[in-house]
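Please find below a short note on the model, set out as numbered points. It begins with a helix pair and then turns to the nonpolar cores.

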Amino acid sequence: MTAITGMATSKSFKALRGTVARLGCVSVLALALLAPAGTVSAQGMFAPELTVNGLGITSYEISQRERMLEVLGTTEKNPRQAAIDALISDRLQVWEAKRMGLSVTDEEIQQGMEEFASRANLDAKKFLAAIGQEGVDAQTFRDFTKAGLLWRKVVRAQFGGRIAISELQVQRALSPTSQRGQTTRVLMSELIIPTEGHEQEAMQLAQQASSASAAQFADIASHVSASRSRENGGALDWMPVSNLPGPLRARILALKPGQTTGPIEIPNAVAVFRLRAIDENGPAQSGSQKVDYALYTLGAKGSEEAARRLAQVRAAHHTCDALYPLAQDLPASRLVRESGSPSSFPQDISVALSTLDPGETELLSQGGNTALLMLCSREVARQGEDGQIETPTAKSAQSGLENRQIQIQADGLLADLRDAAVITRP
C-alpha cells in the first residue's frame with residue numbers, strides 16, 4: 001500500500017478529494033489552484049501534442065495531469081480528456097495573465113502549495129512525497145499551483161472592485177430558505193389539537209384525522225386546530241426539511257405524498273401532519289440550526305388581559321425587541337428569550353417554530369395561560385471542512401456572495417478566451 005493510498009483513506013484526504021470534486025478542474029475562488037499549467041521545462045523528447053495560442057502542451061504533461069486527477073479522486077469518466085481540457089484552460093489562464101503583465105513569485109508559489117496541501121492536513125513537502133509515490137512529479141504540482149495563482153490575480157484585477165452585494169442579498173443568504181435547491185423541502189399540512197381537560201377526545205379526533213382524506217383533514221384542521229394555519233385548512237408553505245425537529249423530520253421523510261402521521265403527543269396538545277409533496281433537490285441533511293425565539297405569556301386563557309396584550313403585540317413592530325416595552329410591567333418570567341438548537345427546546349415550541357419566519361408569531365397554550373411565541377431569527381449552521389459546525393455571519397455571507405458573482409464572471413471570461421483561442425495540433 002503506497003503512502004498516497006494510505007492517506008486517501010484518512011478523513012483529511014477524503015475532505016481534499018471532496019473539495020477538488022466540488023470545485024472542478026478550473027475553479028477560481030476557493031483555492032484557485034486547480035488549473036495546472038505553467039511552463040514545464042521543454043525537453044527534446046517531449047514534443048508538443050497541441051498548442052494553445054502558441055503555448056505547447058506535451059504528452060508528458062497530459063499523462064501527468066491525468067495521473068494527478070486520479071490521485072485526487074476524480075469522478076470523470078474520461079480522465080485523459082479531462083486532463084486535456086484542464087491544461088487548455090491552464091494555458092489560456094497563463095496567456096491572459098502574461099497579456100495583463102501579471103506574475104507570481106517563488107514565495108507566492110510556495111505559499112500556494114502549502115495552502116493546497118493543508119487541505120489534507122499536510123505540509124507541501126509531505127504532500128509532494130505522497131503524490132510522488134503515486135507517479136506525480138513535483139514540477140507538475142508546482143505548475144498546477146502557479147497557474148491557479150496567476151488566474152486568481154487575473155480574476156481579482158478584472159472583477160474584484162466591480163461586485164456590489166446589497167444588505168437584502170446578505171439577509172437572504174443567511175435565511176434557511178437560501179438552502180432551497182440544495183436540500184430537501186416539504187409541503188405539509190398540520191393539525192394541532194389542544195388537550196387540556198379533553199385528552200381522550202383530542203386523541204380520538206387525532207386518530208380520525210390520521211386516516212382522513214385530504215379534504216376531511218383540511219375540514220378538521222379549519223375547525224379545531226390551535227395553529228394559525230387553520231385559516232388555510234392546516235396547509236403550510238414549502239419549508240426546508242431541516243426546519244423540522246429531528247424526530248418529526250424522520251417521521252415526515254418516512255411518508256409518501258398523501259400519507260399522514262399518527263397522533264404525536266406534544267405538551268398540551270396532540271399533533272398530526274400530512275405530507276402533500278416533497279421536493280428532493282438535494283440530500284436530506286441534518287440541517288443544524290441556531291434559533292432565537294421569545295415566549296411572551298399574555299395571561300389566562302380567554303382572559304381580558306390576554307386579549308389586550310395580544311392586541312398590543314399586533315399593533316407593535318414584529319420584532320422580538322419590540323416585546324420588551326410591552327412586558328415591562330410584568331415579572332421577568334412572563335417574557336422569556338431563548339437561543340439554541342431546536343432539539344433542545346420543548347417539543348411544542350420546537351414544532352411551532354418550524355413553520356415560522358422571523359417576526360412571525362404563534363399562540364400556544366401553556367398551563368392554562370395563552371402564550372405568544374415569536375421567532376426572532378434562524379441561522380443555518382454548515383459543516384466546515386474540519387467537520388466543525390459553522391454558523392454563517394453577515395461578513396461570511398457577503399464574502400460567499402461576492403465569490404460566487406466573481407466565479408460567474410471568471411467562468412464567462414474563460415469561455416470567451418476559449419472561443420477566441422487558436423488551438424492547433426502539430
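1. Helix α9 (residues 199-210) and helix α10 (residues 214-224) cross at roughly 150°, and their axes come within 9 Å. Axes here are lines fitted to C-alpha atoms over the stretch in contact, with angles from 0 to 180 degrees between N-to-C directions. Helices are DSSP runs of H or I of at least four residues, strands are E runs of at least two, and both are numbered from the N terminus. The model is predicted: local features need pLDDT of at least 70 and side-chain atom pairs pLDDT 80 or more, while totals for chains, interfaces and linings use all residues. Residues are numbered from 1 along each chain as its sequence is written, and side-chain values use heavy atoms, without hydrogens and water.

2. The two helices, α9 and α10, are therefore roughly antiparallel, a term for angles over 145 degrees.

3. In this pair, L205, Q208 and A209 of α9 meet F217, I220 and V224 of α10, contact meaning heavy atoms within 4.5 Å. Five of the contact residues are nonpolar, one is polar and none is charged.

4. The largest nonpolar core (buried Ala, Val, Leu, Ile, Met, Phe, Trp, Tyr and Cys residues joined through side-chain atoms within 4.5 Å; buried means under 20% relative accessible area, 1.4 Å probe, protein chains only) has 40 residues. Among those with the most contacts inside this core are I57, F127 and W151. Its largest share, nine residues, comes from α7.

5. A second, separate core has 17 residues, including V186, M188, L236 and L248.

Conventions: Buried < 20%, exposed > 50% of the residue type's maximum accessible area, 1.4 Å probe, protein only. Parallel < 35°, antiparallel > 145°, perpendicular 65-115°, else oblique. Nonpolar A, V, L, I, M, F, W, Y, C, P; charged D, E, K, R; others polar.
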